[in-house]
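User: I would like to learn how to read buried residues, empty spaces and charged pairs from a set of coordinates. Could we go through them one at a time?

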Amino acid sequence: MTDWDFAALVAIFLFGVPHGGFDAAIARRSGWAMNSRLSWVIFHLSYVALATVVAILWWWFPVTSLCLFLLISGYHFGASDIANIGSDWLPWIAHGGLVPIAIPSLSPDAVRPIFSILIGTDKAEIVLTVIQIIFILWLLALLGYCFYAFYKKHYTRPLLGLVAMTALAILLPPLMSFAVYFCLLHSRGHIVRLWHSLDKNNRLAVVQEAGVYTLMAWIFAVVCFFYLNGSMSDSILQITFIGLAALTWPHMILVDYMDKRRALL
């Protein structure tokens, strides 16, 4: 990996991972009663258990795990990009396909060694080939989204953001373009939306809580680094993406299911 790749991974850890530290606050407002010690323990055990299971399954079934991770991350990112705009399926697909489809397809030679580290060289080639086939369908969805936004004016701004990110994905290495999206768009947008929804009297406590969870995640990542075999670059890459996959599942359940279910009630 290049120095820019390392910088991208560091940015993901420092500026992307912290947005998941607010999950406990989302759980509370979603109706997960955490006002007792028992409910607090159950929440944290459930969260850690699900993340641990996802990480273990990755080591046993890496190809399936990577494919599922790409699928759910697309679902989650697509929903996040248009969270304050709407939930129409065409914009959702277009935004959701940026990270798992467009970025790998626009830089296949750079993504191939990343996938090889995660799932093996032969399987990486197969997965990347499938993604590149799907990329054609994504381009059609993006084109349709452009016409759709012409009639649905409130989608104009997120469309322009998606086009800008696609241009960056053409110009930048894949890890860098993902870091820009994950840190500056996805994580920042998530935190801003949550911040505005919090009681002003409770914001400081939530930030302190998120800081503790973030610090714990960083410490755990460092511990895992020393137990992994292989080169430093391979270990950092594995920790980053397997860790993101492990945390995305419980995070997505809270954000995309429980919190939205609460909003509909």
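Analyst: We can begin with exposure, where buried means under 20% relative accessible area, exposed over 50%, and partly exposed in between, with a 1.4 Å probe and protein chains only. This is a predicted model, in which local features need pLDDT of at least 70 and side-chain atom pairs count only at pLDDT 80 or more, while totals for chains, interfaces and linings use all residues. Residues are numbered from 1 along each chain as its sequence is written, and side-chain values use heavy atoms, with hydrogens and water left out.

User: Is Cys183 buried or exposed, and how many disulfides does a search of the whole structure find?

Analyst: Cys183 is buried, at a relative accessible area of 9%, whereas Cys67 is partly exposed at 36%. A disulfide is a covalent bond between the sulfur atoms of two cysteines. With the criterion of a pair of cysteine sulfur atoms within 2.5 Å, the search of the whole structure returns zero disulfides.

User: How should I read empty space, and what is the volume of the largest cavity?

Analyst: Rolling a probe the size of a water molecule over the atoms shows where empty space is left. On a 1 Å grid over the protein atoms alone, a cavity is a set of points where a 1.4 Å probe fits but cannot get out, a pocket is an open set with protein on both sides within 12 Å along at least five of seven lines, and lining residues have an atom within 4 Å of a point. Grid points are joined across faces, edges and corners, and a volume is the space filled by probe spheres set on the points. One cavity of 30 Å³ or more is found, and the volume of the largest cavity is about 240 Å³. Its lining has 16 residues, with Leu70, Val99, Pro104, Phe115 and Phe241 closest to the centre. Helices here are DSSP runs (H or I, at least four residues), numbered from the N terminus; α4 gives the most to this cavity's lining, with five residues.

User: Which residues lie nearest the centre of the largest pocket?

Analyst: They are Ala51, Ala217, Phe220, Gly243 and Leu247, out of 44 lining residues, and the space in this pocket is about 1,200 Å³. For the classes, Ala, Val, Leu, Ile, Met, Phe, Trp, Tyr, Cys and Pro count as nonpolar, Asp, Glu, Lys and Arg as charged, and the others, Gly among them, as polar. The lining of the largest pocket then divides into 28 nonpolar, 15 polar and one charged, while the lining of the largest cavity has 15 nonpolar, one polar and no charged residues.

User: How many salt bridges does the search find?

Analyst: Side chains of opposite charge can pair when their charged atoms come close. Taking a salt bridge as a side-chain nitrogen of Lys or Arg within 4 Å of a carboxyl oxygen of Asp or Glu, the whole structure has two. Arg112 meets Asp109 at 3.0 Å, N to O, and these residues are three apart in helix α7, which means that about one helical turn separates them. Glu125 also forms a salt bridge with Arg112, its closest N and O atoms being 2.8 Å apart. Because Glu125 lies in helix α8 and Arg112 in helix α7, this pair ties together parts that are 13 residues apart in sequence. Through shared partners, Asp109, Arg112 and Glu125 are joined into one network.

Methods:
Helices (H or I, at least four residues) and strands (E, at least two) are DSSP runs, numbered from the N terminus.
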